[in-house]
Amino acid sequence: MSLRKTFVIPRITTSLPTELESDWYQYQEPLPCCRVSFWKNSFQYLVNLLLLAAAAGSLVVCIYTTYNTGHLGEFGQLVFNPAILLGVSGLSSVLVAFVAIFGTCKRHVGILQTVCLLLVACFSCSMAAGVLSFVYVDRLQDDVQHIAEMAVRSYPEDKELSSTMDHVHIQSECCGSSSFMDWEANSLYNCTIDGVTSCAVPFSCCLGNSTSRCVGRIRELGVLHASKLVYTRGCTSPVVFQMRHYLYWVGLVAFLTCLTQLLGIIVSQQAAAQAIHIQREKGEEQQRRMQVTRIYDEI
């Protein structure tokens, strides 16, 4: 039974202060200051959903990049670090987004403040991935050329690097670092030695991968005639183009994720401040109600 029904109001209103009488009749009404507007609440949920979508996109780009460059060996390592950083940030942001939605629903100050701190860490990770991506783009040409030249010189002794180079030859339809003439630097295909590999190129450079076309001092034919039998263009340009494509995607998605994470930090801070304000107002209202109840008890 409510207190309003317990007491006879006409007998006590004359001795009750006006401000307390007003508080008494509003005893069961929610405080306007404790309400969170529909639009603010909706915006906070919308930001959390955007954060979740951006984080999922980061994971997709990370998986796509690492899957398509994983077979490229040392070439693929050039985009591995930014992609992994983006993936770690994306996975963390997915978990944080769900926690943020729960914290926003419950208006829990501790959860919202924890979300803010976690988003700062995710933001730093995404920013590092984006910066690394564009740093690697600037030095990509030199790095790819260095790896390709090293692969040409160490072919076929370095099994892993040789396998990577063969795959690049076949996939990109290229041969060597700058051109098929680079194989002069390899001791096995040097023109000064005797044998079937003299002035030749690896089988992976052959059109149709026919080994018989890659023997017989083929590099002495010149580019025009050799192009009918083997790939003559170098592999540096196509590999750089491919790696640059992946790095641009990683960098772009990383910076977009940074924007959503920054927005999430701001919104979580606002939600935490609102939750603190609501708790303070509820405490003050509880004290006022106890004061009104105590005065009625005395009357």
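Mentor: Accessible areas come from the Shrake-Rupley method with a 1.4 Å probe; for residues, only the protein chains shown count as cover. This is a predicted model: local features need pLDDT of at least 70, side-chain atom pairs count only at pLDDT 80 or more, and totals for chains, interfaces and linings use all residues. Residues are numbered from 1 along each chain as its sequence is written, and side-chain values use heavy atoms, without hydrogens and water.

Trainee: How much area does the protein expose?
Mentor: Look at the atoms at the surface. Carbon and sulfur atoms supply 62% of the exposed area. The total exposed by the protein is about 16,100 Å².

Trainee: How many helices does the protein have?
Mentor: Helices (H or I, at least four residues) and strands (E, at least two) are DSSP runs, numbered from the N terminus. The strand count is 0. The pattern along the sequence is α-α-α-α-α-α-α-α-α. The number of helices is 9.

Trainee: What percentage of the residues count as buried?
Mentor: Buried means under 20% relative accessible area, exposed over 50%, and partly exposed in between (1.4 Å probe, protein chains only). The protein has 299 residues. The buried part is 41%.

Trainee: Among contacts between residues at least 6 apart in sequence, what percentage join residues at least 24 apart?
Mentor: Contact means heavy atoms within 4.5 Å. Take the contacts between residues at least 6 apart in sequence. The part that joins residues at least 24 apart is 72%.

Trainee: What span is expected for helix H7?
Mentor: Helix H7 covers residues 159–172, which gives 14 residues. The expected span is 1.5 Å times one less than the number of residues. From first C-alpha to last, H7 reaches 20 Å, close to the expected 20 Å.

Trainee: Which residue just after H7 takes a positive phi?
Mentor: Step past the end of the helix. The phi there is about 55°. The residue is Glu173.

Trainee: Is Ser162 buried or exposed?
Mentor: Ser162 sits in helix H7. Leaving out residues up to four places away in sequence, Ser162 touches Ser154, Tyr155, Pro156 and Glu157. Its relative accessible area is 5%, so Ser162 is buried.

Trainee: Which element gives the most residues to the largest nonpolar core?
Mentor: A nonpolar core is a set of buried Ala, Val, Leu, Ile, Met, Phe, Trp, Tyr and Cys residues joined through side-chain atoms within 4.5 Å. The largest has 35 residues, of which Phe75, Trp183 and Val201 touch the most other members. Two or more residues each come from helix H5 (77–106), helix H6 (109–154), H7 and helix H9 (236–298). With 8 residues, the top giver is H6.

Trainee: How many residues are in the other core?
Mentor: This core lies apart from the largest one. Among its members are Val96, Ala100, Cys122 and Ile265. Its size is 9 residues.

Trainee: Which helix holds Ser93?
Mentor: At 0% relative accessibility, Ser93 counts as buried. Beyond residues up to four places away in sequence, Ser93 touches Leu51, Ala55, Cys122 and Gln261. Its helix is H5.

Trainee: Which helix gives the largest share of the nonpolar patch?
Mentor: Patches are made of residues with over 30% relative accessible area and no salt bridge: like charges are joined within 9 Å, nonpolar side chains (Val, Leu, Ile, Met, Phe, Trp, Tyr) within 5 Å. Here Phe43, Leu46, Leu50 and Leu263 form one, with about 340 Å² of accessible area together. Leu46 is partly exposed, at 45% relative accessible area. The largest share, 3 residues, comes from helix H4.

Trainee: How many salt bridges are there?
Mentor: A salt bridge is a side-chain nitrogen of Lys or Arg within 4 Å of a carboxyl oxygen of Asp or Glu. One joins Glu220 and Arg217 at 2.8 Å, N to O. The count comes to 3.

Trainee: Asp143 and Arg139 are separated by about how much of helix H6?
Mentor: Their side chains meet in a salt bridge at 3.1 Å, N to O. Asp143 is partly exposed at 21%, and Arg139 is partly exposed at 43%. The two are 4 residues apart in H6, so the separation is about one helical turn.

Trainee: How far apart in sequence are the parts tied together by Glu184 and Arg219?
Mentor: The side chains meet in a salt bridge at 2.6 Å, N to O. Glu184 is partly exposed at 31%, whereas Arg219 is buried at 4%. Both lie in the loop between H7 and helix H8 (222–226), so the pair ties together parts whose separation in sequence is 35 residues.
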